Amino acid sequence: MNPIAMDIQRLQREIDELALITEAEPPVVTRVLFSEADLRGREFVKKLCREAGMVLRADAVGNIFARWDGTKENLAPVATGSHIDAIPNAGKYDGVVGVLGAIEAIRALKKSGYQPQRSIDLIIFTAEEPTRFGIGCIGSRLLSGVLSPEKAATFRDRDGKSLDEWRGVAHYAGSLDSVRLPKDCYAAFVELHIEQGPVLEREKTAIGIVEKIAAPSTLRMQLTGVGGHAGGTLMPGRRDALLAGAEIALAVERAVTGTGSPDTVGTTGVFRIEPGAVNSVPCRALLEIDVRDTKVATRDAALAQIEAAAKEICQRRLVTLQSERLNVDPPAVCDSALAETVADVCRQLGVSHKKMISRAYHDTLFMAQICPSTMIFIPCRGGISHRPDEFSSPEQIETGVRILTQTLAQAAG
Ligand SMILES: [Zn+2]
């Protein structure tokens, strides 16, 4: 197989340029769904797609599809893609490598004279990150039918603003019913992404091929106690929402470390209190808890244990508990034939690779519900992600884009 020429310098420039489109002070990247920065980021990416000769469309929730038409219209297209939204205080590679890298893959294929039989779609998914609505992968959940339009219509951000209101701000119109794609609408879906873990770097392996994605879940708990003056409210009568929340956070740690599975992880990543004044007893607390595992049984056992503990803690502390499971997703099993295609490409190009599990979840988790899917991972320094010092070298990115390019060419015929 002759390697296809890449313009990795241009790609790196584009990654750097997109990183400057941020709500925060660079190098910090923050692009929350449908914020001004997210919308500008979308325009930046769309412009690159247009320049690459791709045809753009967007669905009602703002998933963007950039298509390179194949020669055989009757064949199901293949797809690649990722996201450009970024959590507060993030870096510039998460998601972006899979979007801008795919554009470079398509430019390189075009330049090489290759003509795909199947059309190739680049999908830029809406809200992979859960920042605005507390639930991630809203775009791919709707595409795959895992999330119903009715449920999505109930989403509110912390200011009470709905998904519909935000869609209006971003000028995405139409019924959410129209977002869902039929099963097997794509012959293959491949997402290029940084690993967000330390394995590839530690083992000096260039490429990870994802076989399975861990099963994620999110709990939201709203605790209502009784506030009062920090001086005037004596300790015996207190119904402090923060203290109940603190006990719950510790119960999360206890539950996930006690499942017997080393893959169970739990994080209380949101813990907000009201009124948040030094001289006032916290009357309300909001917790959002993320629990994941590669096995559903141990994940679900941990969830149940956390919920039982929260109930007991709140009863004992006379705090009202409202608990909700925001999402409880199954693990994704990737397509073994497609994963083998990626492995073949690695062998042909002499690139070291290994099959692995993704412990972070991605839009691929949901795409795998409707079409054969896998992911291509590249190493990132120290396994660090969701931080401004997130880093993959131009060489590591180039290798990933090269493998993606050849995989797309093989899948598209
Ligand atoms: Zn990501």
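Two strands pair if DSSP finds at least two bridges between them, and strands (E, at least two residues) and helices (H or I, at least four) are DSSP runs numbered from the N terminus. The model on view is predicted: local features need pLDDT of at least 70 and side-chain atom pairs count only at pLDDT 80 or more, while totals for chains, interfaces and linings use all residues. Residues are numbered from 1 along each chain as its sequence is written, and side-chain values use heavy atoms, with hydrogens and water left out.

**First stop: strand β3**

Select residues 64–68, strand β3. Four of its five residues are buried (under 20% relative accessible area with a 1.4 Å probe, protein chains only; over 50% is exposed, and partly exposed lies in between), so the strand is largely enclosed by the rest of the structure. Add β2 (residues 55–58), which runs antiparallel to β3 and is joined to it by four bridges. Here Val55 has Arg67 as its bridge partner. Five residues separate β2 and β3 in their hairpin, and Gly62 in the turn has a positive phi of about 95°. Next, show β6 (residues 120–124), antiparallel to β3 and joined to it by five bridges. Trp68 stands opposite Ile120 in β6.

**Second stop: the zinc ion**

Select the zinc ion with its protein donors (N, O and S atoms within 2.8 Å of the metal, or 3.2 Å for Na, K and Ca; water is not among the atoms, so sites may look incomplete). The donors are His83 (NE2), Asp94 (OD) and His193 (NE2), at 2.0 to 2.2 Å from the ion. Asp94, in the loop between β5 and α3 (96–111), and His193, in strand β7 (residues 188–194), link distant parts of the chain, 99 residues apart. Both Asp94 and His193 are buried.

**Third stop: Arg402**

Move to helix α12 (residues 394–412), where Arg402 is found. Arg402 is buried, its relative accessible area being 19%. Leaving aside residues up to four places away in sequence, Arg402 touches Pro3, Ile4, Met6 and Leu349, contact meaning heavy atoms within 4.5 Å.
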